[in-house]
Amino acid sequence: MQRYSILWADDEIDLLKPHILFLEQRGYDITPVNNGSDAVELANERPFDVVFLDENMPGLSGLEALDQIKSSKPNLPVVMITKNEEEHIMEEAIGSQIADYLIKPLNPNQILLSVKKILDNKRLIIEKTNLSYQQEFRKISMAFMDDMNHEQWADIYKKLVHWELQLDQSDNEDMSEVLEAQKIEANANFAKFVIKNYDRWLNDANAEKPLLSHQLMKKKVFPLLGDVPVFLVVIDNLRLDQWRMIEPIINDYFTITSEETYYSILPTTTAYARNAIFSGMMPAEMAKSQPDLWVGEDEDEGKNNFEDEFLGKQLKRNNINVKFSYHKIKNLEEGRSLADTVNNLFQNNFNAIVYNFVDMLSHARTDMAMIRELAPDESAYRSLTRSWFLHSPLFDILKTISEKKARVVITTDHGTIRVKRPFKIVGDRNVNTNLRYKQGKNLNYEGGKVMEVAKPERLFLPKINVSTSYVFAIEDQFFAYPNNYNYYVNFYKDTFQHGGVSLEEMIIPLIFLNSKNAT
């Protein structure tokens, strides 16, 4: 077991010998000094794991010693010990980034708890996390044997994300590999669930079904409209685990009134799922009733250029006569421009903001060597999302919104999955380029290992011609053509893609917030 070294400075250090002996018996090496100057000198000369400082020492005080130690050793944990309970003393010490604050008279177990909290915290958390996941592993695996509904699948996914984030903090690669294997098993079973039930969700009025993309506005957003402005923020491609990374940041400014999930429609792409959100219709319905706004796979035009018009028509169709705005942020300058003028939006009842950055990030990971280096795995991808959000105009926009009374809904149109296994498919030159789903009339592939849709009209998907069919990749597959196969596989393997059937792509966050700092 590792022995930790503690520097303890107190002008009455001789009276603390019982406490020092107590810690030494438990494996800690204590270096005692009776003044602040010696503490500063020793802290600069020798390595210590933690420093105990008495606040009220003659000569160089504990707070003065704290400043000097922190200036040269900013990451060295310091525990301030004092008889003084005055608030300003505590605030000054806490502001100097102390690790803990203890009030005399000291209790030996109180000291031991502080030391363990600082020095053994990571080890204890890792051990507890690994043990807890081992206990949960069996419960999750047993659940796969049940005939779960959409809510139970959402709960399973939330648990997997929870443990993924917990194990991120662990150095136990073996346990992380176990979780990864369980995620693969979960996605295999989830794909079977979707293949079995997706048609029923769309065609059986009595079927138990999740909230889907085209129902989001009518069922969850429009009912919020009233006297307080409502802001809908759609962060393209935001997965549940990525939401968990930015949640603590947002929580400083908003009260989270509800945290839910909903299911993206298929294909899990911007062209289909996000248009469904703003139109309130399934893709085939858009293509039929609003052909001037729907852009098909066989057209070169951008697929999401009419979301504002779709939104206006959906509001009108639901007899909602409110002042609304729509903003799509595709780059940094557009984000900054909206951040500068966001206060003007409070004159509207409803404001929709589409923020494309996470989508650009996931695609950039495919195209840019730098992003590929920065996000080589799921953990790094999450970390990159958090870092981006902290320094993004979107964060500035949300901070400004939080200063006034407002309701905010944060959601997305679909998630992404890191693809690993190529799946060979052959199609003519008119087949779409997405790696997770294919639409065409002459698709050739090995059957039984993907989600096959011979009758697109059953899933409310457009048909370019009579023989059009759809094929969706499941689990961590990506479609690859036999021509130049090895190059194609090497280029796209381990990239983040969307369009198919997986927990990560389909079960997505839906968060409701109220301003916390409104004046």
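Two strands pair if DSSP finds at least two bridges between them. This model is predicted, and its sheet is a good place to apply that rule.

**The sheet**

The sheet is open and has five strands in the order 2-1-3-4-5, with parallel pairing. Strands 2 and 5 stand at the edges. Each has a single partner strand, so one side of each is left without a neighbour in the sheet. From one strand to the next, the twist averages 20°.

Which residue stands opposite Met80 in strand 5? The residue is Tyr101. Strand 4 and strand 5 pair in the parallel sense over four bridges.

| Strand | Residues |
|---|---|
| Strand 1 | 4–9 |
| Strand 2 | 28–33 |
| Strand 3 | 50–54 |
| Strand 4 | 78–82 |
| Strand 5 | 100–103 |

**A helix on the sheet**

Helix 5 covers residues 108–119 and packs on the sheet. Helix 5 touches strands 1, 2, 3, 4 and 5. The direction of helix 5 makes about 180° with that of strand 5.

**Two helices together**

Helix 7 spans residues 150–168, and helix 8 spans residues 173–203. Their axes lie 11 Å apart, and the helices pack at an angle of about 160°. Angles over 145 degrees count as roughly antiparallel, so helix 7 is roughly antiparallel to helix 8. Helix 7 passes helix 8 in a left-handed crossing.

Which residues meet here? Helix 7 brings His150, Trp153, Leu160, Trp163, Glu164 and Leu167. Among their partners in helix 8 are Met175, Leu179, Lys183, Phe190 and Trp201. The residues of this contact divide into 10 nonpolar, four polar and two charged.

Notes:
Residues numbered from 1 in each chain as written. Predicted model: local features only at pLDDT ≥ 70, side-chain atom pairs only at ≥ 80, totals over all residues. Heavy atoms only, no water. Axes fitted to C-alpha atoms, helices over the stretch in contact; angles between N-to-C directions. Parallel < 35°, antiparallel > 145°, perpendicular 65-115°, else oblique. Left-handed = near helix turned anticlockwise from the far one by under 90°. Contact = heavy atoms within 4.5 Å. Nonpolar A, V, L, I, M, F, W, Y, C, P; charged D, E, K, R; others polar.
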